[in-house]
Amino acid sequence: MMTLKTIVSIVPLLAILVSLLAAFGIFFLRNLPNWREGCSILAALVKFGLVMSLYPLIRDGYTIECPIVAFPAGILPNLSFALRVDALGFLFAGVASFLWILTTLYSIGYMRTLKEHAQARYYVCFALALTGALGVAFSANLLTLFLFYELITVSTYLLVVHEETTEAYSAGTKYLTYLMGTGKLFFLPAIIFTYGLTGTLDFKSAGIFSGVSPFWVGLTLILFVVGVAKAGLMPFHNWLPSAMVAPTPVSALLHAVAVVKAGVFTIVRIVVHIYGVDFLSTMGLGAWMALFASITVVGASIIALRQDNLKMRLAYSTISQLSYVVLGVMLLSPDGVRGSILQIVAHAFGKITLFFCAGAIYVGIHKKYISEMAGIGKTMPWTMGAFTVGAFSMIGVPPLAGFAVKWRLLLGAMEAHQILIVGVLLGSTLLNAAYFLPILKTAYFDESADAAHQHEAPLIMRVALISTAIGTCLVGLYSDFFVSLLKGIA
Amino acid sequence: MFPILSAVILIPLIGALTLLFVPKKSENLIRGITLLTAIIDFAVSLPLYCDFKEGTAAMQFAERIPWIPSWGAEYSLGLDGISLFMVLLTTFSCVVVYLATWTAVEKHVKEFNIALLVLQAAMVGVFCALDFVLFYVFWELMLIPMYLLIGIWGGQRRIYATVKFFIYTMGGSVLMLFAILVLYFQYHAATGIYTFDILKYHSFAMDKTLQFWLFLCFFIAFAIKVPIWPFHTWLPDAHVEAPTAGSVILAGILLKMGTYGFLRFSLPIFPDASVSAAWWVSAVAIIGIIFGAFMALAQDDMKKLVAYSSVSHLGFVVLGTFAFTLRGISGGIMQMINHGISTGALFLIVGILYERRHTRLIAEYGGIAKVMPKFAFIFIIVALSSMGMPLTNGFIGEVMILIGVFEANSVYAALAVVGVLLGAAYMLWLFRRVMFGDLTNEKNKTLPDLSARELTYMAPLIVMIFLLGVYPNPVIRKMDATVANLVATMEKAKVARLAHPAALAANLDMDKKRD
């Protein structure tokens, strides 16, 4: 057990507010595209810089706190809006803010090439969603977390309906129904119950639930797990495939990184800092929850096999891969939790690469369906090269990021004596291969019908997707670095 | 000491008197005087907040002048942590309403403004009065201008709506008057003193059966006012027919008188009856929450939708109040304030659209966000506040109530959450149908965006929405002691009720031994 070192700083608040300010900036510069995008990039850089400035403290094992508003102790004791940064939140925030920089670059190429409408609104909502994502990462208690969680839902709704077609609106309605519905019907009551039962909502390393009856522990845990629908667990996963009508950069950063990771991050946070890993193991609920997550791991992979629309296949792959995070943390063993948190980073880099590639293919050759992508390996070598890296990482080919995760998850499952989970992990790896390898086969080995009309995506997009592909390799090679930060948590 | 409460009541009356001497033709002067009066009144009421002492449940700014000594009636005013915010909400809303109604009414402008000012004085009076007679005078006085507002300046079916409104509220009032008189004579019988001092009745121990019947009389009177299901049917009619100003005042302030009545009369005067009635009151409140929300989902008229959302929201307030917990009751008060701001703002928003298109049918709109972007921005903030989105006032109130109710009964809390969900559903669906989609209706293509005046009166509401959502402490702190005192009263009653069967059993034992 490490000694608890805390330090008060306003940096976390600034890091969150940067993108909120940027949203206003983008709004005022809405008619000057270059300035507007400049504002986005600047905000992304500043945000990443602020997050990284916390690195020395995190490395030395500090927790950074930033109280904002504490409610009157007479009526609402122990309730506040407050921020707190530990290694877990730092990793998520670091990844999200870093990838925001690349996504903004990529968006410029994507949105301008396709001459999309309402670009100012698009960038404003993007900035707001990032505000929410960082807020979730830096929340010090469930109340604050819920606040940012809902902010993400509302701001991303406008991105899902961006095209303003009937299809987009019905997808948007589904999106809100699932995310807000579960949030209000399960997540909010779980928070209320937690406060009513324990008198606090603060994240504490030993959890806050000690002494509460098993009935309430079980009930709130179930409410939390189904209530955080952003994690994409079945049966509340359907919003994610519908959200794919959004422009591809949205699918890339938000529906592979910021939004969905906010979901799984919330579940990890709750398991580790609301219940406490040790406390939950004494309850014996972990195994059941891990099995519950396994259903999604396997189920979503099987559905992914049947998708011909590339973005849909990636979406189902995301659902499946997200559940590794939930599965890992529910193993309640050190390696399981480590693997789970590492997956938040690893999957972010891998999947954003894949989505970037899907968008680049759409911009380059206007194709959405895998069956139409014959031979693009030759005409779009950079894009497909990055795609290959991303796909191999998802499958878990060493030394890429996905392998580092699966290795730890397997170790964790062994530590927890969950042989069934070991089987699930191995089986899902086969499924991953089964739905990714055919894409590569089509791209590289099939003959293209009209190679003459196919060309690479704009340079700015290629820069982004190759950077994330390199990132995927680096995360895999230096996975120990990320894990070493987590020593205070798992 | 300066009689600040009297001043807050008198200023609107003085304004109304001044208007009598202004020629009918100079309409803008009339509107200007009305607005100025409201601004002065609001400014005068601000020291109430600043000078209000925290940490005591006693009445502050008290004024007492003997009025009808032979009856024991006094001109007695005072504020505690509950009524303070109701008075401030009233003076604040009136400024906004008068500014909002500038162009909405074109006939009988003078009479309209006089009615509004008299109404304002009566509303403040209701919240300050600490004497039953005085309270009842203000309570009835309030009905007359409201009756005129709907009956003269209302929509097509205004007469039907007015009569219904009047019959319902008068019915309640009569029951309340009856109960007040019974209380009055009972108190005399017990102590030999004739008094209408409300606070004296807070410590008046009564027979349980009598308590129950009197509680029921008061309950029905207030339930109609709130309105609690199944006494709500006058509300949608009144709202739909009332002019915007009438709707905002009705939703923002008048409905609060019912829930205020529970806190000022029902709970402290009849604690035992309240405790034993809690289960069915809560049940009725939950039915109201869910029923109101479903009805809101089914409406095709915007004003009716907002009216039914009020039924649902006030169900939360009643549920929180009858949880008898610190957080439940203070959450209820918080939600009364929030509802005043958010629903008031929603009616203003409907009014803005109505002034432009003269229709409230949702189907007539669609795609408005494209022609009125500023309006869209304001509307979404208000809609999010109404559905309890975090960072807005609605969230704080809702969370406090849910926590308070959970502490009393977890099943009620779980059921109430359904209302929270439906609240989001009807609000977002309304917004989606009115603001998004294609601009299909030709008439909507030329709608002007918000004017400077419209932005001016929406701005303070938006500020309050975020202020109370992020930093509700200044409000919560002021009500703390008053609510704590009320909760202590209710705790005593709960203990007494729990002790009751035991006492009964003990008596039986005694009887057996005697045999």
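**Helix packing in chain A and the interface with chain B**

In this predicted model, the axes of helix 1 (residues 11-28) and helix 2 (residues 33-52) of chain A come within 9 Å and cross at roughly 180° (axes are lines fitted to C-alpha atoms, for helices over the stretch in contact, with angles running from 0 to 180 degrees between N-to-C directions; helices are DSSP runs of H or I of at least four residues, and strands runs of E of at least two, numbered from the N terminus). Helix 1 of chain A is therefore roughly antiparallel to helix 2 of chain A (an angle over 145 degrees). Contributors to the contact (heavy atoms within 4.5 Å) include Leu14(A) and Ala22(A) of helix 1 and Ala43(A) and Leu50(A) of helix 2.

The contact between the chains takes 33 residues from chain A and 38 residues from chain B. About 3,000 Å² is buried between chain A and chain B, 83% of it from carbon and sulfur atoms (buried area is the accessible area, 1.4 Å probe, that two parts lose on being put together, summed over both). Ile75(A), Lys184(A) and Ile192(A) supply 23% of the area that chain A buries against chain B, more than any other three residues.

One salt bridge is counted between chain A and chain B (a side-chain nitrogen of Lys or Arg within 4 Å of a carboxyl oxygen of Asp or Glu). Glu164(A) forms a salt bridge with Lys370(B), the closest N and O atoms being 3.6 Å apart. Helix 7 of chain A provides the largest share of the side of chain A that touches chain B, 14 residues.

Residues are numbered from 1 along each chain as its sequence is written, and chains are lettered from A and ligands numbered from 1 in the order in which they are written. Local features need pLDDT of at least 70, side-chain atom pairs count only at pLDDT 80 or more, and totals for chains, interfaces and linings use all residues, while side-chain values use heavy atoms, with hydrogens and water left out.

Conventions: Angles under 35 degrees count as roughly parallel, over 145 as roughly antiparallel, 65 to 115 as roughly perpendicular and the rest as oblique.
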